[in-house]
Amino acid sequence: MTTTTPGTTTAPGTKTPPRATAAPMSAARTLATAARVLRQLRHDPRSIALMILVPCVMLVLLRYVFDASPTCGGETPCPRSTFDSIGASLLGIFPLITMFLVTSIATLRERTSGTLERLLAMPLGKADLIAGYALAFGLLAIIQSVLATGLAVWALGLEVVGSTWLLLLVALLDALLGTALGLFVSAFAASEFQAVQFMPAVIFPQLLLCGLFTPRPNMQPVLEAISNVLPMSYAVDGMNEVLRHTDVTGDFVRDVVIVAGCAALVLALGAATLRRRTA
């Protein structure tokens, strides 16, 4: 009986091909992947508009929806306007939602078109691919966060007690978290329609329980416990810390670390569950 080992002869003139091994992560391959994704997005103006312009448009819309909030004059201290109360939270939520939606659909489109299968047949590891996608969409997330934060603070008059740079930091981390979630859920969708269907399952529960509509301590204990493990809750908390405190607080550091850690964890899960093609 003949045994077969990699690279050994099994019959005259034939050899068993060596087993494929996972290629180590390479900065060059990651950057090449990011550049390819950006070139493709350059020819997709609708996706660019969705990522960059929609959060800004929604902030403008909500600012003027709440423009008629009652004001007071004289020496009576005025309460914060409705937009000031929820504007910072929305500044973190909108980028997360849009980046989740665009990233999940764009990654799924790569798989259904056969691009992922061709790329993974090359010496390109899953980690390179996921990191490249995260880098490309992360650059767009920076642009999105800068525009949305600048618009909210300097054009729409959002009153922030803390540093605007800290507000921008949390907005950027929220957008990166949305990117990571989109990359992760795209592995479980077989069509773009299914990718959109993940939004009610992944995003809406977080939206309802993040503290935007009512403070989390006021929720039922079970719902509060669930909200405590959802990353959007800490995204909103981080925004509110900047809204209310002039200095960096321990709670703000905790919130930022949790959001960043969740993004990194979900990216790692996305690399582990990445499939070449749809079922």
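In the predicted model, F137 is buried, with a relative accessible area of 1%. Its partner Y133 is likewise classed as buried, at 3% relative accessibility. The two residues form a stacked aromatic pair, in which the ring centres lie 6.4 Å apart and the planes meet at 15°. The arrangement is stacked because an angle under 30 degrees between the planes falls in that class. Both residues belong to helix 5, and because 4 residues separate them in sequence, Y133 and F137 are about one helical turn apart.

A search of the whole structure returns 2 aromatic pairs. The other is formed by F184 and F188, whose rings are arranged edge-to-face, with 5.2 Å between the centres and 75° between the planes. For this pair, the angle exceeds the relevant limit, since planes over 60 degrees apart count as edge-to-face. F184 is partly exposed, at a relative accessible area of 21%, and F188 is also partly exposed, at 45%. The assignment of F184 follows from the cut-off, because buried means under 20% relative accessible area.

Nonpolar packing was examined next. In soluble globular proteins, nonpolar side chains tend to be buried together. In this model, the largest nonpolar core comprises 51 residues, and the members that touch the most others are L59, I93, L167, I203 and M232. At least two residues of this core come from each of helix 2, helix 3, helix 5 (126-155), helix 6 (164-185), helix 7 (192-202), helix 10 and helix 11. The greatest contribution is that of helix 3, which supplies 13 residues. For I93, the residues touched beyond four places in sequence are L207, C210, L212, M232 and V236. M232 therefore appears both among the core members with the most such neighbours, as defined by side-chain atoms within 4.5 Å, and among the residues that I93 touches. A second core, separate from the largest, contains 19 residues, including V37, M51, I130 and A271.

Two further positions were considered in helix 2. S47 is located in this helix, which spans residues 45-65. With a relative accessible area of 14%, S47 is buried, because the limit for that class is 20%. When neighbours within four places in sequence are set aside, S47 is in contact with L41 and V102. M58 also lies in helix 2, but its relative accessibility of 32% places M58 in the partly exposed class. The C-alpha atoms of M58 and L91 are 9.7 Å apart in space, while 33 residues separate the two positions in sequence.

The final feature is the largest pocket, which has a volume of about 410 Å³. Its lining consists of 21 residues, and those nearest the centre are G211, P215, D237, N240 and R244. Helix 3 (82-112), helix 10 (231-244) and helix 11 (250-273) are the elements that each provide two or more lining residues. Helix 10 provides the most, with 6 residues. By residue class, the lining is made up of 9 charged, 7 nonpolar and 5 polar residues. Helix 3, helix 10 and helix 11 thus take part in the lining of the pocket and also supply residues to the largest nonpolar core.

How values were computed: Residues numbered from 1 in each chain as written. Predicted model: local features only at pLDDT ≥ 70, side-chain atom pairs only at ≥ 80, totals over all residues. Heavy atoms only, no water. 1 Å grid on protein atoms, 1.4 Å probe; cavity = no way out; pocket = protein on both sides within 12 Å on 5 of 7 lines; lining within 4 Å. Points joined across faces, edges and corners; volume = space filled by probe spheres on them. Nonpolar A, V, L, I, M, F, W, Y, C, P; charged D, E, K, R; others polar. Buried < 20%, exposed > 50% of the residue type's maximum accessible area, 1.4 Å probe, protein only. Contact = heavy atoms within 4.5 Å. Phe/Tyr/Trp six-rings, centres within 6.5 Å; stacked < 30°, edge-to-face > 60°.
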